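Open the model in a viewer and keep the sequence at hand. The tour below says what to select at each stop and what is found there.

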Amino acid sequence: MSVDDRLGLLTYKNDHESHIKINNHDVCVNTCKDKPCTVLCPAAVYVWNGQAKQIKVQHENCIECGGCRMICPYHNIACDWPRGGFGVSYKYG
Ligand code: SF4
Ligand code: SF4
């Protein structure tokens with residue numbers, strides 16, 4: 001089963017507010033050349049928008065793995081967990 005197929009088994013209850021914030025978009029644009037958040041996240045939450053020159057955060061896809069809390073070389077991501085009752089539900093534990 002592919003990763004996409006597995007992700008398709010999850011259910012989400014989205015909060016209206018994002019539980020993930022980029023602290024300083026200027027750091028993403030001007031300092032962070034490799035933008036590892038855009039390749040690490042298994043749910044493609046971080047997408048580089050070259051036209052708008054910013055990282056778009058699709059928080060509703062987050063599977064709460066915690067990887068982005070570690071990978072940003074500039075500690076520029078504030079990723080907390082969703083409020084109780086919101087976020088991802090795993091069918092198989
Ligand atoms: S890894 Fe951190 S600094 Fe780099 S683009 Fe992502 S959020 Fe911005
Ligand atoms: S916690 Fe995991 S799934 Fe959620 S945004 Fe960070 S890397 Fe992506």
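Start with ligand 1 in this predicted model, and colour the residues around it by class: the shell has 10 nonpolar residues, 1 polar and 1 charged. To see them, select Ile22, Cys28, Cys32, Lys35, Pro36, Cys37, Ile55, Cys72, Pro73, Tyr74, Asn76 and Ile77, which surround ligand 1. Lysine counts as charged and asparagine as polar, so Lys35 and Asn76 are the residues to pick out in this shell.

Next, hide the ligand and look at the space it occupies. Where does ligand 1 sit? Its place is the largest cavity, with a volume of about 90 Å³. In total, 3 cavities of 30 Å³ or more are counted.

Now select the lining of the largest cavity, which consists of 13 residues. Nearest the centre of the cavity are Cys28, Cys32, Lys35, Cys37 and Cys72. By class, this lining divides into 11 nonpolar residues, 1 polar and 1 charged.

Stay on Lys35 and add Trp48 to the selection. Lys35 lies over the face of Trp48, 4.6 Å from the ring centre. Then move to Lys13 and Phe86: here the charged end of Lys13 sits over the ring of Phe86, at 5.1 Å from the ring's centre. How many aromatic pairs does a search of the whole structure find? The number is 0.

The last stop is ligand 2. Select Ile20, Cys41, Val45, Tyr46, Cys62, Ile63, Glu64, Cys65, Gly66, Gly67 and Cys68, the residues around ligand 2. Coloured by class, this shell shows 8 nonpolar, 2 polar and 1 charged residues. Glycine is counted as polar and glutamate as charged, so Gly66 and Gly67 make up the polar part and Glu64 the charged part.

Definitions and conventions: Residues are numbered from 1 along each chain as its sequence is written. Chains are lettered from A and ligands numbered from 1 in the order in which they are written. This is a predicted model: local features need pLDDT of at least 70, side-chain atom pairs count only at pLDDT 80 or more; totals for chains, interfaces and linings use all residues. Side-chain values use heavy atoms; hydrogens and water are left out. A residue is near a molecule or strand if one of its heavy atoms lies within 4 Å of it. On a 1 Å grid over the protein atoms alone, a cavity is a set of points where a 1.4 Å probe fits but cannot get out, and a pocket is an open set with protein on both sides within 12 Å along at least five of seven lines; lining residues have an atom within 4 Å of a point. A molecule sits in a cavity or pocket if more than half of its atoms lie within 2 Å of its grid points. Grid points are joined across faces, edges and corners, and a volume is the space filled by probe spheres set on the points. Rings of Phe, Tyr and Trp (its six-membered ring) pair if their centres lie within 6.5 Å; planes under 30 degrees apart count as stacked, over 60 as edge-to-face and the rest as tilted. A charge sits over a ring if NZ of Lys or CZ of Arg is within 6 Å of the ring centre and within 35 degrees of the ring normal.
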